[in-house]
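Dear colleague,

I am handing over the structure we spoke about, with its sequence, and below it you will find a short account of what was found. Please read the account with the structure open beside you.

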Amino acid sequence: MATRSRLSTSVLLTCAAIGVATGLLGGIAGWVTPVVLATLPILYGFVLGAHVLPGIIAQDLIRLPWVALISHVVAALVASAMAPQWAFRFLGTAILFGGIQELVAALTRYRLWNAWRFFVSAIVIGVLVAIVVAFAAHLSTLAPWAQIVYLALAVLGPVAWTAVGLGIGTALRRAGVARGSSR
């Protein structure tokens, strides 16, 4: 007799649906990125922060191990189909962001689902984004005020997108989407 998997078909399909929906947003972000970098580079960290959505929505809705990582990978594949020039970055970001979200959830043994826990992962991701963005964007070429705004938005972007993701997760839960797919 086959053993029962912790991730049922309904969980995997829910992760896939979240991944597709957020992957479309990620693909759009991929196409918007060069425009943002050319016109308003201080907003880049905020745009990059949108990539936290798959894991936040999945974890808030399903509340099981691995759902953030699965949703992130699906989102990265969808985004890569839309903006193939960023495929490796999408996949790397998916593994990094999803991994951080899974790690924070694992530290609470996948038992605490309060909003603060999601914001902890958002701040960790935001700090990493700020560090990466500081090197990639040559911040020294910007005015000091722009450097500060740039770094602040890089940290606050994932936090703001986490709030959006929690709102979406709550709305989906109220609509009954999580029925049968969470503990």
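Two residues are said to be in contact, or to meet, when they have heavy atoms within 4.5 Å of each other. Please keep in mind throughout that this is a predicted model.

With that meaning of contact, the pairing of helices H3 and H4 can be described residue by residue: Pro-54, Gly-55, Ala-58, Gln-59 and Ile-62 in H3 meet Val-67, Ala-68, Ser-71, His-72 and Ala-75 in H4. The residues of this contact divide into 6 nonpolar, 4 polar and no charged. As for geometry, the axes of H3 and H4, the latter helix covering residues 67–82, come within 8 Å and cross at roughly 140 degrees, which makes H3 oblique to H4. The crossing of these two helices, H3 and H4, is right-handed.

Helix H4 also packs against H1, where the angle is about 45 degrees and the axes are 6 Å apart, so that H1 and H4 are likewise described as oblique to each other. H1 passes H4 in a right-handed crossing, and the contact of H1 with H4 has 16 nonpolar, 6 polar and no charged residues.

Turning to the interior, the largest nonpolar core holds 38 residues, of which Val-11, Ile-62, Val-67 and Val-129 touch the most other members. The elements that each give two or more residues to this core are H1 (9–39), H2 (44–48), H3 (53–62), H5 (87–107), H6 (115–136) and H7 (144–174), and the largest share, 6 residues, comes from H3. A second, separate core has 6 residues, among them Ala-76, Ala-79, Ala-83 and Phe-90.

Val-67 deserves a look of its own, since this residue appears both among the best-connected members of the largest core and on the H4 side of the contact with H3. If its neighbours within four places in sequence are left aside, Val-67 is in contact with Leu-7, Val-11, Cys-15, Ala-58, Gln-59, Ile-62 and Glu-102.

Is Val-73, by contrast, buried, partly exposed or exposed? Val-73 is found in helix H4, and because its relative accessibility is 31%, between the 20% and 50% limits, Val-73 counts as partly exposed. Although Val-73 and Leu-91 are 18 residues apart in sequence, their C-alpha atoms are 6.6 Å apart in space.

With kind regards

Conventions:
Residues are numbered from 1 along each chain as its sequence is written. This is a predicted model: local features need pLDDT of at least 70, side-chain atom pairs count only at pLDDT 80 or more; totals for chains, interfaces and linings use all residues. Side-chain values use heavy atoms; hydrogens and water are left out. A nonpolar core is a set of buried Ala, Val, Leu, Ile, Met, Phe, Trp, Tyr and Cys residues joined through side-chain atoms within 4.5 Å. Buried means under 20% relative accessible area, exposed over 50%, partly exposed in between (1.4 Å probe, protein chains only). Helices (H or I, at least four residues) and strands (E, at least two) are DSSP runs, numbered from the N terminus. Axes are lines fitted to C-alpha atoms, for helices over the stretch in contact, and angles run from 0 to 180 degrees between N-to-C directions. Angles under 35 degrees count as roughly parallel, over 145 as roughly antiparallel, 65 to 115 as roughly perpendicular and the rest as oblique. A crossing is left-handed if the near helix is turned anticlockwise from the far one by less than a right angle, and right-handed if clockwise. Ala, Val, Leu, Ile, Met, Phe, Trp, Tyr, Cys and Pro count as nonpolar, Asp, Glu, Lys and Arg as charged, and the others, Gly among them, as polar.
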